[in-house]
Amino acid sequence: MNKSEFIEFIQNEFNIDGSTQRLIFNILTYAETITDDNERYLFLDDLLSGTIGLTSEEIKNITL
């Protein structure tokens, strides 16, 4: 999933408010600046895993 597909996924699958959506969008935007794929995954997993119920497998599907 690219960034917009992932945002759409969390909007459809999770009950989150607008500020949480913006926070996740900002996390993804920052993650785009990380060039190493493994570092990016670790960053996203650290910040998103378990926060709204995302699993590590769902996070692995994010392609930025």
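This tour goes through a predicted model, one selection after another.

**Helices α1 and α2**

Start by selecting residues 3–13, which are α1, and residues 18–31, which are α2. The two helices pack with their axes 11 Å apart and at an angle of about 155°. Angles over 145 degrees count as roughly antiparallel, so α1 is roughly antiparallel to α2. The crossing in which α1 passes α2 is right-handed.

Now show the side chains where the helices meet. On the α1 side, select K3, F6, I7, I10 and Q11. On the α2 side, the residues to select are Q21, I24, F25, L28 and T29. Coloured by class, this contact has six nonpolar residues, three polar ones and one charged one.

**The loop between them**

Move to N15, which sits in the loop that joins α1 to α2. Is N15 buried or exposed? Its relative accessible area is 84%, and the cut-off for exposed is over 50%, so N15 is exposed. To place N15 against a later part of the chain, draw a distance from its C-alpha atom to that of I59. The two residues are 44 apart along the chain, and the separation is 18 Å.

**Aromatic rings**

Next, display the aromatic side chains. How many aromatic pairs are there? The count comes to three. Select F9 and F14: their ring centres are 6.0 Å apart, with 85° between the planes, and the pair is edge-to-face. F14 has a relative accessible area of 18%; buried means under 20%, so F14 counts as buried. Add F6 to the selection, and you have a cluster of F6, F9 and F14 linked by ring pairs.

Then go to Y30 and F43. Their ring centres lie 5.3 Å apart and the planes are at 55°, so this pair is tilted. Y30 belongs to helix α2 and F43 to helix α3, residues 37–48, so the pair ties together parts 13 residues apart in sequence. F43 is partly exposed, with a relative accessible area of 22%.

**Back to α2**

For the last stop, select T20, also in helix α2. T20 is partly exposed, and its relative accessible area is 24%. Which distance is worth drawing from here? Take T20 to I52: the C-alpha atoms are 9.3 Å apart in space, while the residues are 32 apart in sequence.

Key
Residues numbered from 1 in each chain as written. Predicted model: local features only at pLDDT ≥ 70, side-chain atom pairs only at ≥ 80, totals over all residues. Heavy atoms only, no water. Helix = DSSP H or I, 4+ residues; strand = E, 2+ residues; numbered from the N terminus. Buried < 20%, exposed > 50% of the residue type's maximum accessible area, 1.4 Å probe, protein only. Axes fitted to C-alpha atoms, helices over the stretch in contact; angles between N-to-C directions. Parallel < 35°, antiparallel > 145°, perpendicular 65-115°, else oblique. Left-handed = near helix turned anticlockwise from the far one by under 90°. Contact = heavy atoms within 4.5 Å. Nonpolar A, V, L, I, M, F, W, Y, C, P; charged D, E, K, R; others polar. Phe/Tyr/Trp six-rings, centres within 6.5 Å; stacked < 30°, edge-to-face > 60°.
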